[in-house]
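Welcome, and thanks for taking a look at this one with me. Below are a few notes to help you find your way around.

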Amino acid sequence: MEQTSDFAFGILDRLEIEIPSWGFANTGTRFGKFLQPAAAFTIEEKFADAAQVHKLTGTTPTIALHVLWDIPGGLADAEAVVALAEQYGIRPGSINPNLFQDQQYKFGSLCHPDAGIRAQALDHLLLSVKLAAKLGSRDISLWLPDGSNYPGTQSIRHRIAWLEGALKEAHAHLAPGQRLLIEYKPFEPAFYHTDIADWGMAMHLAHAAGPQAKVLVDTGHHYAAQNIEQIVAWLIHTQMLGGFHFNDRRYADDDLTLGSIDPYQVFRIFHEIHSAAGEGPPLDVAFMIDQSHNLKGKIEAMVQTIVSAQELWLKAALVDRAQLAALQAQCDLVAAEELFRSAFWTDVRPTLAAWRAARNLPADPLRALSESGYVATVASQRSGKQTSGGSYA
Ligand code: LRH
Ligand code: MN
């Protein structure tokens, strides 16, 4: 398809990607955390970094917030968060409850055998719903670490029933227009069973909860052999796709930068989105990044991620879907595949540079970041505040 600038510019103008506050913080693995002087520690520093990324890319107007890491004071912190959003011109995005840190959740949270602990977990989820309303956020993005490590140690069926009940209760507290996004993950931190382990379980729970509940696809939460774009196609077909956590992986939930290992994977997912957009009801899918930048400079990695996403989003939009549909109908395999692949191999960087220039954005955001000296400036302001202890982020 011809890369007419109007078409390409329109595609890029409509792309919005939410970035995670925790992508700017010092994060690590169970083997340790390497501290970076420029890492963000306070929520203000996270808003500042998000604003820098949006200034350079024009594509990231919202920031995902994690309740315990970013809003430890709960509702009492909401006003300060709204003030930061106004100050930095970045809107609060999805609100992520945290049911994976507190000691009482050792054997689960909403699925814990102890009704008292399940009630505490539900209280935190309901607090997250209220916080989202206060911050003007639409999505409550729920991931549960719940599961077990050894066969026979938990009743998988009882836990399903407790989970259904809790999510129904949470759904009943959603304000009109709010959504509960249910994220699945096959394993880690649980290594025998995980209560919400795949898209089918998440979809059932979303259906059981109510119409404002949808499924969230974290691209890192799949077995290596799984066909993620097929899962995406199913969730689109069933109108249960609520959003994505984009990242990349070589082995498991590696949370590496988008497109760093398998850019063709992201292209194939984006193709499913573009092709569905042309057919049937408009898609309402949140694009979010969920990565941990353990070794790369965090702001550099975030800008790199958004640039990769812009490139792959435009490449996938270049697939001539009418011609592809004709070749698919004729089962002209080679011609169909060549048409599909040629879009992936199209160098869209000149068109992207033209779009950025037309939108008064730097032609090369990564170069602009290094020339701005922003990272060195914040490093001098923030160094010495970081400690190696504490949680994941
Ligand atoms: C779990 C997960 C979840 C977040 C966390 C930071 O692996 O993908 O989305 O809450 O990472
Ligand atoms: Mn995730």
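**Notes on helix packing and one loop residue**

1. The crossing of α5 and α6 is right-handed. Please keep in mind as you read that this is a predicted model. The two helices, α5 and α6 (residues 156-172), pack with their axes 10 Å apart and at an angle of about 30°. Angles under 35 degrees count as roughly parallel, and α5 is therefore roughly parallel to α6.

2. If you would like to see which side chains make this contact, look at R118, L122, L125 and L126 on the α5 side. They meet W162, A166, L167, E169 and A170 of α6. Sorted by class, the residues of the contact of α5 with α6 are seven nonpolar and two charged, with no polar ones.

3. Next, turn to α2 and helix α14 (residues 365-372), whose axes cross at roughly 130° and come within 9 Å. The pair is therefore oblique. The crossing of α2 and α14 is right-handed. From α2, the contact draws on Q52, L56 and T57, and from α14 on P365, A368, L369 and S372. In the contact of α2 with α14, four residues are nonpolar, three are polar and none is charged.

4. Helix α4 (residues 78-88) is a good place to look at two faces of a helix. Which residues of α4 are buried? They are A78, V81, L84 and A85. Seen down the axis of α4, these buried residues fall within an arc of 120°, so they line one face of the helix. As a reminder, an α-helix has 3.6 residues a turn, so residues three or four places apart point the same way.

5. What covers the buried residues of α4? The cover includes α2 (43-57), β2 (62-66), β3 (91-96) and α5 (115-135). On the face turned away from the buried side, α4 carries the exposed residues E79, E86 and Q87. After α4 comes G89, which has a positive phi, near 65°.

6. Finally, a loop residue: Q104 sits between β3 and α5. Is Q104 buried, exposed or partly exposed? Its relative accessible area is 26%, and buried means under 20% while exposed means over 50%, so Q104 is partly exposed. Leaving aside residues up to four places away in sequence, Q104 touches H112, I117 and Q120. For Q104 and I117, the C-alpha to C-alpha distance is 7.0 Å, with their positions 13 residues apart in sequence counted as the separation.

Definitions and conventions: Residues are numbered from 1 along each chain as its sequence is written. Chains are lettered from A and ligands numbered from 1 in the order in which they are written. This is a predicted model: local features need pLDDT of at least 70, side-chain atom pairs count only at pLDDT 80 or more; totals for chains, interfaces and linings use all residues. Side-chain values use heavy atoms; hydrogens and water are left out. Buried means under 20% relative accessible area, exposed over 50%, partly exposed in between (1.4 Å probe, protein chains only). Helices (H or I, at least four residues) and strands (E, at least two) are DSSP runs, numbered from the N terminus. The arc is that of the directions from the helix axis to the C-beta atoms. Contact means heavy atoms within 4.5 Å. Axes are lines fitted to C-alpha atoms, for helices over the stretch in contact, and angles run from 0 to 180 degrees between N-to-C directions. Angles under 35 degrees count as roughly parallel, over 145 as roughly antiparallel, 65 to 115 as roughly perpendicular and the rest as oblique. A crossing is left-handed if the near helix is turned anticlockwise from the far one by less than a right angle, and right-handed if clockwise. Ala, Val, Leu, Ile, Met, Phe, Trp, Tyr, Cys and Pro count as nonpolar, Asp, Glu, Lys and Arg as charged, and the others, Gly among them, as polar.
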